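Q: Please examine one part of this structure closely, namely a strand pair and the turn between its members. Please then place that part within the whole chain.

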Amino acid sequence: MVGHTVDVLLETFTWVGFLGAVAVGVVWLILLLVDGTWTPANAVIEPGENGRVAHWFTAEGGVGRAVLSDADEAHLAGADEAAIYYRPGADDRMRFVARSPLVRLTGWFTVGFLAVGVLALVLSLVSMFAS
């Protein structure tokens, strides 16, 4: 009786893990495509009319410029240079991470669901051959 219950639970976790990984993986892929490409660059921070401004050279040979928000200022903590990521084709958009937090979160959820599915499958196979 207990063995049957464990088998049912392991099969349920296998299905939930693999189907969850597929579902969240599709959402992750969509978010990844919507997030787009962000290129690394080094920015110089200078005072401007509306607060401090980040300037950087783009890969295309242009110059990017973005006014720093309060959150950007808090992240920089008064630094005069920073490693940034900018959006090619939009010379006024920059951020400090390559991927948005939502993209990273859904990516980790995909990996987590996949790990649950694989672990449950392996335990199910071990249980089947151990019986």
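A: Two strands are said to pair if DSSP finds at least two bridges between them. In this predicted model, strand β2, residues 51-57, is joined to β3 by five bridges, and the two strands run antiparallel. Strands of a sheet pair through backbone hydrogen bonds, in either a parallel or an antiparallel manner.

Individual partners can be named within this pair. Val53 has Val67 of β3 as its bridge partner, and His55 has Arg65 of β3. Five residues lie between β2 and β3, and the two strands form a hairpin. In the turn of this hairpin, Gly61 has a positive phi of about 95°.

The side chains of β3 alternate between two faces. Gly64 and Ala66 point to one face and are buried, that is, under 20% relative accessible area. Val63, Arg65 and Val67 point to the other face and are not buried. Arg65 and Val67, the bridge partners of His55 and Val53, thus belong to the face whose residues are not buried.

The hairpin is part of an open sheet of five strands, in the order β3-β2-β1-β4-β5, with antiparallel pairing. Its edge strands are β3 (63-67) and β5 (94-95), each of which pairs on one side only. For β3, the pairing is with β2, through the five bridges described above.

As for the whole protein, its secondary structure comprises three helices and five strands. From the N terminus on, the elements follow the order α-β-β-β-α-β-β-α. The radius of gyration is 23 Å, well over the 14 Å given by the globule rule for 131 residues, so the protein is more spread out than a compact globule. The C-alpha trace spans about 75 × 30 × 20 Å along its principal axes.

Of the 131 residues, 28% count as buried; Gly64 and Ala66 of β3 are buried residues. Among contacts between residues at least 6 apart in sequence, 65% join residues at least 24 apart. The accessible surface comes to about 8700 Å², and 70% of this belongs to carbon and sulfur atoms. The protein has 7 positive and 13 negative charges, and the mean positions of the two sets are 3 Å apart.

Definitions and conventions. Residues numbered from 1 in each chain as written. Predicted model: local features only at pLDDT ≥ 70, side-chain atom pairs only at ≥ 80, totals over all residues. Heavy atoms only, no water. Helix = DSSP H or I, 4+ residues; strand = E, 2+ residues; numbered from the N terminus. Rg over C-alpha atoms; globule rule 2.2 N^0.38 Å. Buried < 20%, exposed > 50% of the residue type's maximum accessible area, 1.4 Å probe, protein only. Contact = heavy atoms within 4.5 Å. Areas by Shrake-Rupley, 256 points an atom, 1.4 Å probe, with all protein chains shown as cover. Lys, Arg positive; Asp, Glu negative; His and termini not counted. Charge placed at Lys NZ, Arg CZ, Asp CG, Glu CD.
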